[in-house]
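Visitor: I am new to protein structures and would like a guided look at this one. Could you take my questions one by one?

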4 protein chains.
Amino acid sequence: MAFRSGLLTMETSRLETFADGVFAIAATLLIIDVSVHAPGAELGAALKHSWPQYAAYAVSFLIIGIWWVNHHASMAVIDRVDRTLLFATIAMLACIAFLPFPTRLVAEHFRDDGVRAAAVTYGLTMTTAAICFALSWFYAARGRRLIAQTADQGVVSAISRSVIPGVPINAAATLVAVWSPYTGLVLFAALALFYVVGSSLFGRD
Amino acid sequence: MAFRSGLLTMETSRLETFADGVFAIAATLLIIDVSVHAPGAELGAALKHSWPQYAAYAVSFLIIGIWWVNHHASMAVIDRVDRTLLFATIAMLACIAFLPFPTRLVAEHFRDDGVRAAAVTYGLTMTTAAICFALSWFYAARGRRLIAQTADQGVVSAISRSVIPGVPINAAATLVAVWSPYTGLVLFAALALFYVVGSSLFGRD
Amino acid sequence: MAFRSGLLTMETSRLETFADGVFAIAATLLIIDVSVHAPGAELGAALKHSWPQYAAYAVSFLIIGIWWVNHHASMAVIDRVDRTLLFATIAMLACIAFLPFPTRLVAEHFRDDGVRAAAVTYGLTMTTAAICFALSWFYAARGRRLIAQTADQGVVSAISRSVIPGVPINAAATLVAVWSPYTGLVLFAALALFYVVGSSLFGRD
Amino acid sequence: MAFRSGLLTMETSRLETFADGVFAIAATLLIIDVSVHAPGAELGAALKHSWPQYAAYAVSFLIIGIWWVNHHASMAVIDRVDRTLLFATIAMLACIAFLPFPTRLVAEHFRDDGVRAAAVTYGLTMTTAAICFALSWFYAARGRRLIAQTADQGVVSAISRSVIPGVPINAAATLVAVWSPYTGLVLFAALALFYVVGSSLFGRD
């Protein structure tokens with residue numbers, strides 16, 4: 001809260017390093033919320049019974065990894081950062097760093113009536129992150145405002161085409177979670193796995 | 001606690017990397033303190049009732065992001081680090097890394113009598129951070145002690161003019177929080193939003 | 001969950017930086033789970049009695065350090081990243097970042113009947129990490145798919161020979177832990193120490 | 001636990017980045033242990049009464065900052081990393097990352113009989129860190145084993161002279177803490193402040 005604008009000198013590499021840090025920390029912090037407390041003799045059974053915690057950990061870790069990959073793909077064609085992109089990115093990172101909270105809610109309430117509220121919170125977090133990401137991308141890409149001169153327009157258009165469905169897909173999965181929390185949660189996991197397996201299986205890279 | 005002085009060889013990029021780490025970790029750790037515990041059936045209501053926690057998370061995340069931006073703006077014209085700048089920066093980082101604590105206090109006591117003490121603690125943390133930042137900046141800028149030869153004096157003066165109000169503004173908001181905690185808290189949020197929206201809206205970058 | 005494949009542009013240095021972050025954070029987070037609570041007068045005795053916590057901390061910190069070293073050794077001969085390597089690495093990192101959880105279980109249940117389940121969970125985590133690492137290495141090394149042209153084939157083959165025993169060794173130690181938890185735990189510690197001391201003593205670097 | 005030795009290719013910059021991460025995370029994690037719980041009306045008084053927590057936070061944050069500075073000073077003249085230096089550094093980092101635990105003990109037991117055990121634990125952690133640092137430095141410096149050819153021998157000798165007192169000073173302060181915990185704690189704080197203020201006041205950089 002100190003500087004006038006007009007003084008900003010931020011290289012894209014700085015923003016990427018900061019974002020890398022937030023992605024890595026948010027993913028690694030997920031483990032803090034995994035906990036199983038049981039008397040010694042019952043620990044084995046309690047550990048098996050707690051599989052929703054490990055599943056929630058794995059899915060959220062993977063989702064954060066996917067976002068990290070996508071963020072880099074977008075930054076690879078951007079070569080300038082202005083304040084709007086900066087704060088849209090910080091808003092997106094605040095959503096990603098928020099994910100450990102709904103992850104914990106889902107793991108904790110997987111077997112009680114709270115699962116609906118937990119799944120919807122999870123979905124709203126993902127949808128808000130997708131909105132922030134879409135805003136920051138289209139702000140940068142519109143008229144190639146912040147796009148590197150050397151970046152191929154085909155790549156830029158392809159990124160745009162792939163960013164567009166992010167918001168409706170996440171919003172739809174959230175709506176499904178309102179109606180059926182477990183279906184919504186399975187959808188979020190399936191979307192992440194589909195993203196990984198699909199792109200690997202078909203060897204499109 | 002081992003070396004004599006005179007041996008210090010610290011590049012500005014090293015200090016920036018360390019500071020980046022502290023900023024990113026402090027922001028991401030904020031989520032640990034967001035927690036809602038309720039029996040399953042009441043989770044939805046409890047999540048809605050807990051909005052001060054999300055607001056506190058969002059404002060503190062944004063404030064840490066702003067400090068990160070400002071720190072980089074100042075480091076962009078500094079090209080040498082000496083021990084005084086180093087430890088003034090470490091003191092500033094200790095204040096920023098402290099912010100999750102008053103954030104948690106505000107979220108926890110938002111609806112009870114503790115809100116005054118929480119808001120004042122928040123304000124004192126911000127004010128101390130601003131003092132450390134002003135000291136480190138003016139130490140570096142005075143007589144261009146640590147300023148890069150290539151740095152434009154107009155930019156240096158502009159940074160100085162913008163650093164000056166940081167301490168009185170934060171101190172004033174803290175004093176307001178003594179008198180009216182909620183007004184003080186709204187002020188801290190408004191200052192952060194004004195910083196972001198103002199600079200984006202007027203497109204001064 | 002936003003981009004089509006075919007757009008991926010990820011330098012190995014980016015993946016290394018992200019992995020570095022996860023390794024450093026996972027190791028440093030281990031301390032959060034070390035806790036000794038006792039009335040003042042009994043603190044000294046309680047601290048001595050809690051040595052399994054410090055031992056678990058030290059062994060897991062060392063193991064994460066060893067994985068960090070090995071990951072760099074493998075990345076040193078890899079000069080391209082594709083989506084399969086990326087997600088195999090993210091899976092491996094998810095296992096490493098999971099380690100604080102079984103570490104906490106072992107420390108907590110070291111003196112009760114839960115030690116078996118805790119030690120087996122520890123072993124399964126290590127074995128899964130080893131599987132992910134082997135998959136990612138052999139995917140990259142097969143036919144030198146992602147290996148740098150300048151990389152010596154002798155070095156690549158030596159890495160392959162050393163990656164192979166990782167899975168059976170960790171699986172064997174896990175099986176031992178099923179039969180005798182303490183023997184299994186001592187094995188994990190001994191393997192880590194042997195790795196460090198062995199390579200130092202014989203000065204093979 | 002996978003590679004044979006002889007394959008290690010680790011640049012000093014990689015080790016510095018990993019160490020930077022551990023230093024930054026350990027310092028920032030200190031805030032997790034600062035907590036004040038009181039009914040709203042008593043929060044102000046409880047916050048004032050909790051000053052040992054803030055003092056412990058500030059001193060440990062500063063000490064970690066000082067270690068970070070010293071580690072860089074030593075790495076600035078080292079240009080090769082072998083396995084011995086690597087694992088001696090990891091052991092030193094494990095001690096630094098351990099510091100949040102005794103910091104928490106000191107803050108928690110500052111006003112009860114546990115302060116002696118807490119202060120001694122703090123001192124033992126610092127002394128062990130100093131031993132690891134001395135071992136790693138003298139291993140690297142002996143016969144200029146890992147020292148850059150371009151490094152001035154005067155600088156190397158000066159670092160050696162300044163590393164030597166680290167172990168006895170920390171051990172002495174620990175012994176003082178056995179006899180008088182508060183004197184020991186004041187000594188640790190005074191040593192850190194002396195390091196900072198001394199080097200700044202006399203402008204020896």
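Guide: Gladly! Please keep in mind that this is a predicted model. Chain A and chain D make a good starting point, for they do not touch, and their nearest C-alpha atoms are 10 Å apart.

Visitor: And how far apart are the nearest C-alpha atoms of chain B and chain C?

Guide: Chain B and chain C do not touch either. Between their nearest C-alpha atoms the distance is 10 Å.

Visitor: Which helix of chain C gives the most residues to the side that touches chain D?

Guide: Let's begin with the contact itself, where 42 residues of chain C meet 37 residues of chain D. Several helices of chain C supply at least two residues each to this side, among them α1 (12-29), α2 (43-49) and α9 (181-201). The top contributor gives 11 residues, and it is α3(C).

Visitor: How many residues on that side of chain C are nonpolar, and how many are polar or charged?

Guide: The side of chain C that touches chain D can be sorted into three classes. Its charged residues number 3 and its polar ones 11, while the nonpolar ones number 28.

Visitor: What turn lays chain C on chain D?

Guide: In general, two copies of a chain are related by a rotation about an axis and a shift along it. Here the shift along the axis is 0.0 Å and the RMSD after laying chain C on chain D is 0.0 Å. The copies use different surfaces, since 7% of the contact residues of chain C recur in chain D. The turn is 90 degrees.

Visitor: What kind of axis relates chain D and chain B?

Guide: Chain D is superposed on chain B by a rotation of 90 degrees, with 0.0 Å of shift along the axis and an RMSD of 0.0 Å. The two copies are therefore related as by a four-fold rotation axis.

Visitor: How many residues does α3(D) bring to the side of chain D that touches chain B?

Guide: In this contact, 42 residues of chain D meet 37 residues of chain B. Helices α7 (153-163) and α8 (166-179) of chain D are among those that each supply at least two residues to this side. The largest share comes from α3(D), with 11 residues.

Visitor: Now for single helices: is α6 of chain A mostly covered or mostly uncovered?

Guide: Helix α6 of chain A runs over residues 115-141 and has 27 residues. From first C-alpha to last it reaches 38 Å, close to the 39 Å expected at 1.5 Å a residue. After the helix comes G143(A), with a positive phi near 60 degrees. As 20 of its 27 residues are buried, α6(A) is mostly covered.

Visitor: Which exposed residues does α8(C) carry on the face turned away from its buried side?

Guide: The 14 residues of α8(C) should span 20 Å at 1.5 Å a residue, which agrees with the 20 Å between its end C-alpha atoms. Its buried residues include G166(C), V167(C), N170(C), A173(C), T174(C) and A177(C). They cover an arc of only 140 degrees around the axis, so they lie on the same side of α8(C). The face turned away from that buried side carries the exposed residues P168(C) and W179(C).

Visitor: Why does C95(D) count as buried?

Guide: C95(D) has its place in helix α4 (residues 83-98) of chain D. Leaving out residues up to four places away in sequence, C95(D) touches T125(D), T128(D), A129(D) and C132(D). A residue is buried if 20 or more other C-beta atoms lie within 10 Å of its own. C95(D) counts as buried because its C-beta neighbours inside 10 Å number 22.

Visitor: Which residues touch the most other members of the largest nonpolar core?

Guide: That core holds 319 residues. I96(B), for instance, is in contact with V22(B), F23(B), A26(B), I64(B), W67(B) and A129(B), leaving aside neighbours within four places in sequence. The residues that touch the most other members are I96(A), I96(B), I96(C) and I96(D).

Visitor: One last thing: what is the phi of R144(B)?

Guide: R144(B) sits in the loop between α6 (115-141) and α7 (153-163) of chain B. With 14 C-beta neighbours inside 10 Å, R144(B) counts as partly exposed. Most residues other than glycine have a negative phi. R144(B) is not a glycine, yet its phi is positive, near 50 degrees.

How values were computed: Residues are numbered from 1 along each chain as its sequence is written. Chains are lettered from A and ligands numbered from 1 in the order in which they are written. This is a predicted model: local features need pLDDT of at least 70, side-chain atom pairs count only at pLDDT 80 or more; totals for chains, interfaces and linings use all residues. Helices (H or I, at least four residues) and strands (E, at least two) are DSSP runs, numbered from the N terminus. A residue is buried if 20 or more other C-beta atoms lie within 10 Å of its own, exposed if 12 or fewer, and partly exposed in between; C-beta atoms are placed from the backbone. A nonpolar core is a set of buried Ala, Val, Leu, Ile, Met, Phe, Trp, Tyr and Cys residues joined through C-beta atoms within 7 Å. Two residues are in contact if their C-beta atoms, placed from the backbone, lie within 7 Å. The expected span of a helix is 1.5 Å times one less than its number of residues. Ala, Val, Leu, Ile, Met, Phe, Trp, Tyr, Cys and Pro count as nonpolar, Asp, Glu, Lys and Arg as charged, and the others, Gly among them, as polar. Copies are superposed by least squares on the C-alpha atoms of residues with pLDDT of at least 70 in both. The arc is that of the directions from the helix axis to the C-beta atoms.
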